[in-house]
Amino acid sequence: MTDDSLPAPCTAVRTAAVIPAAGRGVRLGPGAPKALRTLGGVPMLVHAVRALAASRAVRLVVVVAPPDGTTEVKALLAAHTLGERTDFEVVPGGDTRQESVALGLAAVPEGHDIVLVHDAARPLVPVETVDAVIEAVRGGAPAVVPALPLADTVKEVEPGPAGEPEPVVATLERSRLRAVQTPQGFDRATLVRAHETVAVDSEGATDDAGMVERLGVPVVLVPGHEEAFKVTRPLDLVLAEAVLARRRATDVR
Ligand code: CTP
Ligand code: MG
């Protein structure tokens, strides 16, 4: 017997976060794997873990480490203060982001009904963005993605050899486009199904929500944040350091 006028029973919906950090960071140039590079003296991965653990809802963070770097990553996490309420686990990653996320997802124990997937390469995402994504999943959306409008106009081309002029195929309508960020939030069963169903092609999917779309499951966007940008190229390191310096200057704690 159910009564729709009563509030839903207060079963705690547990949230886990998977942080793929197994990439090499080729576009950043030579050096340590990207997630282990430091910003303000702290490894990017540690910033990312703290950013997710800052959300009261996140009970578990699974870090997906470079396959030959799990010991180093475990030591790194042990050496830094992380969230007190949050458990941490480290698993080895794969050759593509898609494989790394699948390996991290496999390490999330039953009982976590919401799973966030967050790039270690987005170390500065504000907790408000994390919470907004979780809120939307709690509200019933099976897949939620933070996103921002684009600054640049985007053209589709016929890709040619590097450095050669490329023919334009179409100019997309900018006002209808969004650049997507992480953390992306999912009903766990939906994300598991997506990873079981969508095969890894050469590069693998760069976006979990895209895999969910292929199942025909609706995906919704919520507002992202400028500071959730992905550290991809050398100039992004300069921007990240500047954001950290601004936070230090305005930090009143
Ligand atoms: N990632 C991963 N496993 C891989 C490849 C990527 O866990 N085999 C992770 C990266 O560590 C990063 C996130 O996926 O946190 C987003 O990927 P990207 O920004 O492309 O990072 P890299 O692959 O490391 O960078 P690049 O493509 O320049 O080599
Ligand atoms: Mg990559």
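This tour moves from the ligand site to a buried glutamine.

The model is predicted: local features require pLDDT of at least 70 and side-chain atom pairs pLDDT 80 or more, whereas totals for chains, interfaces and linings use all residues. Residues are numbered from 1 along each chain as written, chains are lettered from A and ligands numbered from 1 in written order, and side-chain values use heavy atoms, without hydrogens and water.

**Ligand 1**

Select ligand 1 and the 18 residues around it (a heavy atom within 4 Å). Pro20, Val26, Arg27, Ser100 and Lys230 come nearest. By class, this shell holds six nonpolar, five polar and seven charged residues; charged denotes Asp, Glu, Lys and Arg, nonpolar denotes Ala, Val, Leu, Ile, Met, Phe, Trp, Tyr, Cys and Pro, and the others, Gly among them, are polar.

Next, display Arg27, where a polar backbone atom is 2.8 Å from an oxygen atom of ligand 1. At Arg24, a backbone N or O atom lies 3.2 Å from a ligand oxygen atom. Then turn to Ser100: a polar side-chain atom there lies 2.7 Å from a nitrogen atom of ligand 1. The protein covers 87% of the 560 Å² of accessible area (Shrake-Rupley method, 1.4 Å probe) that ligand 1 has on its own.

**Gln184**

Now select Gln184, found in strand 11, residues 184-187 (strands are DSSP E runs of at least two residues, numbered from the N terminus). Gln184 has a relative accessible area of 2% and is therefore buried (under 20%, 1.4 Å probe, protein chains only). Show Asp207 as well: its side chain and that of Gln184 are joined by a polar contact of 2.5 Å (a pair of N or O atoms within 3.5 Å; within protein, one must be able to donate a hydrogen and the other to accept it, and residues adjacent in sequence count only if both atoms are side-chain atoms). Finally, add Ala209, whose backbone nitrogen lies 3.0 Å from a polar side-chain atom of Gln184.

How values were computed:
Helices (H or I, at least four residues) and strands (E, at least two) are DSSP runs, numbered from the N terminus. Buried means under 20% relative accessible area, exposed over 50%, partly exposed in between (1.4 Å probe, protein chains only).
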